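User: I am a first-year student and would like a close look at a single part of this protein. Please describe one helix through individual residues in it, and then place that helix in the chain as a whole.

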Amino acid sequence: MNDDIRSYLFKLISWLSKYLFLRLFGISIIYIILFAFGLVSVLDSLLPVIIERIWRLGVILFCLIATVMIVDSFFNSNKQ
């Protein structure tokens with residue numbers, strides 16, 4: 001059961017970090033394309049909202065990574 005919890009948490013962290021980085025990559029590509037077409041003002045109006053949400057997701061992801069590290073170290077210390 002302990003290995004199931006750890007593997008589930010690790011899969012969740014991997015999945016969340018993958019989509020967070022894909023979102024960051026997509027936003028950077030969109031920004032470059034809009035800059036090429038001269039439509040940066042469209043993204044500049046939405047950028048504060050996007051950054052706020054990505055910041056919150058990053059903090060949540062960091063807290064989940066810390067939780068997984070603590071849970072993993074707790075279960076590994078009990079095995080010794």
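Analyst: A suitable starting point is Phe-10, which lies in helix H1, the element that spans residues 2-37. The model examined here is a predicted one. Phe-10 has a relative accessibility of 54% and therefore counts as exposed, since the cut-off for that class is over 50%. In space, the C-alpha atom of Phe-10 lies 7.0 Å from that of Val-68, although 58 residues separate Phe-10 and Val-68 in sequence.

A second residue to consider is Ile-29, which also belongs to helix H1. Ile-29 has a relative accessible area of 35%; because this value falls between the limits of 20% and 50%, Ile-29 is classed as partly exposed. Ile-29 also helps to form a nonpolar surface patch of about 700 Å², together with Phe-25, Ile-32, Ile-33, Phe-37, Leu-39 and Val-42. Helix H1 is the main contributor to this patch, supplying 5 residues.

The wider chain gives these details their setting. The protein chain contains 2 helices and 0 strands. The chain has 80 residues, of which 15% count as buried. Its exposed surface amounts to about 6,500 Å², and carbon and sulfur atoms provide 73% of that area. Finally, when contacts between residues at least 6 apart in sequence are considered, 77% of them join residues at least 24 apart.

Notes. Residues are numbered from 1 along each chain as its sequence is written. This is a predicted model: local features need pLDDT of at least 70, side-chain atom pairs count only at pLDDT 80 or more; totals for chains, interfaces and linings use all residues. Side-chain values use heavy atoms; hydrogens and water are left out. Helices (H or I, at least four residues) and strands (E, at least two) are DSSP runs, numbered from the N terminus. Buried means under 20% relative accessible area, exposed over 50%, partly exposed in between (1.4 Å probe, protein chains only). Contact means heavy atoms within 4.5 Å. Accessible areas come from the Shrake-Rupley method with a 1.4 Å probe; for residues, only the protein chains shown count as cover. Patches are made of residues with over 30% relative accessible area and no salt bridge: like charges are joined within 9 Å, nonpolar side chains (Val, Leu, Ile, Met, Phe, Trp, Tyr) within 5 Å. A salt bridge is a side-chain nitrogen of Lys or Arg within 4 Å of a carboxyl oxygen of Asp or Glu.
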